[in-house]
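Please look through the structure below and follow the explanation slowly, beginning with charge and then turning to the pairs of side chains that charge brings into view.

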Amino acid sequence: MKKNYSNEDLHSEQGATISGQQQKAIVCNGLTKQFGSFRAVDNISFDVNEGEIFGFLGANGAGKTTAMRILCGLSYPTSGEATVAGFDVYKQQERIKKNIGYMSQKFSLYDNLTLLENIEFYGGVYGVSRSEIKIRSSDLISTLGLQKEAHKLVSELPLGWKQKLAFSVAIFHRPKIVFLDEPTGGVDPVTRRQFWDMIYEAAANGITVFVTTHYMDEAEYCNRISVMVDGRVEALDTPANLKKQYKTNSMNDVFYELARGAKRADN
Amino acid sequence: MKQLLAFIKKEFYHVFRDRRTLLILFGMPIVQIILFGFALSSEVKNIGIAVLDNARDVHTQQIIGKISSGYYFRVKQPALNFQELEQRFRAGEIECAVVFPEKFASDLYKPGGAHIQVIADASDPNTATTVINYLNSIIGNYEQELNPLRKLSYRIVPEIRMLYNEEQNGSLNFIPGVIALIFMIVSTALTSVAVVREKELGTMEILLVSPFRPIMVLIAKAVPYLVLSLVDFIIILLLAVFLLNVEIRGSLVLIFAESILFIITCLSMGLLISNLTGSQQTAMMISMMGMMLPTLILTGFMFPLENMPKVFQILSYIVPSKYYYSIIKSVMLKGLGFSYVWKETLILVIMATGLLTLALRKFNVRL
Amino acid sequence: MNSVEVINIVKTYGEVKAVKNVSFEVAKGELFGLIGPDGAGKTSLFRVLTTLLLADSGTATVEGFDVVKDYREIRNRVGYMPGRFSLYQDLTVEENLSFFATVFGTTIRENYDLIKDIYEQIAPFNSRRAGKLSGGMKQKLALCCALIHKPDVLFLDEPTTGVDVVSRREFWEMLNKLKKQGITIVVSTPYMDEASLCDRIALIQDGTVMSINSPDRIVKNFPKTLFAAKANNIYKLLQDLRRNSEMESCYAFGEYIHFTVKADDADIVRISQIAERENHDGLEVKQVIPGIEDCFIRLTLDSGQKIMDRKK
């Protein structure tokens, strides 16, 4: 009944495979960001496959946010190489921005615009045509079951719905990669799972998902996770392999073992 | 008491560790005094003047000759009547006019003396004052020429009327205005922001859930800003005296007492605002819109009140700084005593008590 | 006497019902957890108990004092750490601490025993400004500030939100030490995995307490047998299981999918048969003991069911 479960299986099943060759959505090689004498990101290297759900974990102040900003085309690395959706983080920031979606817990939607206005706004920002916005937004509203709320202000929505809507908006322009910065903070367990259903669906449709979270059970929803400690990637594997490696059955313990020795911690 | 002192100490830490607050506290008064002081004292030249000469005699011709000879004035076409003068004032063609009565020459030898009417556009009060001074000295000179022996029988009495701004606000009057403005910024805006910041931080919740009496929070917030306002006040006075050579004519004690009264009014306003708002931004907006703008516009220190529509003139009566401005002007610049400003003082006392009571009442012991 | 008693508290903001008729009590020396997501009403409850907010109806007492009438007494006896509390960023660690000590009418030295363990961890940063501390350090400093006057009851509103796993674990260790000193602790958290660290918990959602009990009891009260399954393609497995008419509930849980079936007499053999129908690679099915999160999901879905029934 049980089958052996290996890394390769996972990849061939879930990564988008084109002509048998694994496509890379993100490639990082020796990426470093230095602020004065402080190395926020210290020589990190990793790949993210196309269509993969990649968990990007780390203690507070480990350098996650800085790394994510570089990958989103918002800041330049000090040294090292990286491409996102095939575009260079030094020279092609604008093209990166066009090909990614971004959502965070802190900023997602405009509270004083209606749902539809928010969708139209983001669609417009990413250059989706007017007619296309109309079609896609009515699709979106009906899949989310928000027909009644479409003309309500976002501020009137419960938090869980806001986050779901924000995610939908982040992938509205059908980006190659979507970056999610602690998307489910404070959301109830049921809504959190509905949110992850949406993530799975997006990944199944070929969108690469790059996500940070403080919920360790969510880390296990990811195909692979990396754990950053003091600016470096200390571990990178499937959740199952990591647990095996640290001889535990909880991601919490894995994380604790890795991050316990962290020297620096600041926000 | 120990708690209160610790709190006040903490407030001073906040102030001295925030560069922006420091800049507002000490940079602003200095810059304003220097800016107003020097920008307003420019020399006056080429003033457009028209003469309505009803006498047309030797004396008037000589006086007109003297006026036109200097570089101060440009004598325009003579006017025929008052209506014409007024029109030309309105059109901005002239800034000043001299009117000679019909019997100027014969009046000259009468005991009452001859009268010249001098009219100046005082919507720019500084220019108007300068113009009047020039004209006065020209007329004075001529008087002396006529009567070198200084017999009292020949006299020309200039009757000066400052159009549009009869009280002639301006010149050094900006100093009381700047003082009022600084008090508003420090005592109203900064205080309200300081209280609201605690709300935003969440520290207000802790302070409320402590044995520390809520009212003490307000007092502890108010005291440092009262002190800082007074420091600013002293800086402004020193700048005025040593940099702009202003003579402080009235009693310093009275000036300080009135200022403390006004600061308390401002503080109460600030505390009231902080009780009604939840974010620093809103507090700042209300302080600016509700307090500083009226101070600038409705106290008469930037724009003469007399020229304003009636509505604004009535509105100005509820602006506390209007009274403070008038008190300081009277005491500091004119050297008047308390008996001249008791009415304004009383109004300020009433306002301060009212606002303070309201602020304390509105202060919630809960969220 | 109970340390905290809450009876039928209701709190509304305009049309929003934040707290709907909540009742519970906390025994002296107990570590009591309010577990629920943002917007569940936890903060409103805390504010009512710390006398910061007046409830619309219902009563509450803390250490026997009424939260409305005797608010001054309560304020002398409780320590409170609000959710968004971030201290004075521009004051140093020591200045913050001594300020709060003075405000509470005490000194750092007087109650040093109580905060010693925690304070020693932040003491090396004594002269650093609070704004420059890490998230975990800030929490520790905030806890010190809340403890400085040796309160009888400690109210901690989401002290571990946004803090990483390591700091969270340390924080809970500190709470357990404090508990041993006899302080009653009421703590709220959105992290379900922290529930098991409390003596008793209230699961709260949408302003309603869904269940109050010890974590063990809540787990024991789970009405169904819970199964877990995983396969190489977990998303496909989830979809297939959901389509299955025998399923009652089915959701992702860590690397597994947790599910219950409608039949009450389900055993692992039959369940495996159901799961195997779709021919998944790497399929693994097992029976598991539910966690607090499973219970929370169950209770949420049940209450959702009830709401829907009422609508019909």
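In this predicted model, chain C carries 41 positive and 43 negative side chains, and the centres of these two sets lie 2 Å apart. Chain C exposes about 12800 Å², of which carbon and sulfur atoms supply 47%, while 59% of its 312 residues count as buried.

The chain that holds these charges contains 10 helices and 14 strands, and the domain assignment divides chain C into domain 1, covering 2–214, and domain 2, covering 223–289. The C-alpha centres of these two domains of chain C lie 39 Å apart.

Opposite charges can also be followed pair by pair, and over all chains the count comes to 46 salt bridges. One of them joins the side chains of Asp217(A) and Arg192(A), at 3.7 Å from N to O. Because Asp217(A) lies in helix α8 of chain A and Arg192(A) in helix α7 of chain A, this pair ties together parts that are 25 residues apart in sequence. Both Asp217(A) and Arg192(A) are buried.

A pair in chain C is formed by Arg243(C) and Asp240(C), whose closest N and O atoms are 2.6 Å apart. Both residues lie in helix α8 of chain C, 3 residues apart, which is about one turn of the helix. Arg243(C) is exposed, with a relative accessible area of 62%, whereas Asp240(C), at 6% relative accessibility, counts as buried. Elsewhere, salt bridges that share partners join Arg192(A), Arg193(A), Asp217(A), Glu218(A) and Glu293(C) into one network.

How values were computed:
Residues numbered from 1 in each chain as written. Chains lettered and ligands numbered in written order. Predicted model: local features only at pLDDT ≥ 70, side-chain atom pairs only at ≥ 80, totals over all residues. Heavy atoms only, no water. Helix = DSSP H or I, 4+ residues; strand = E, 2+ residues; numbered from the N terminus. Buried < 20%, exposed > 50% of the residue type's maximum accessible area, 1.4 Å probe, protein only. Areas by Shrake-Rupley, 256 points an atom, 1.4 Å probe, with all protein chains shown as cover. Lys, Arg positive; Asp, Glu negative; His and termini not counted. Charge placed at Lys NZ, Arg CZ, Asp CG, Glu CD. Domains from an automatic or database assignment. Salt bridge = Lys/Arg side-chain N within 4 Å of Asp/Glu carboxyl O.
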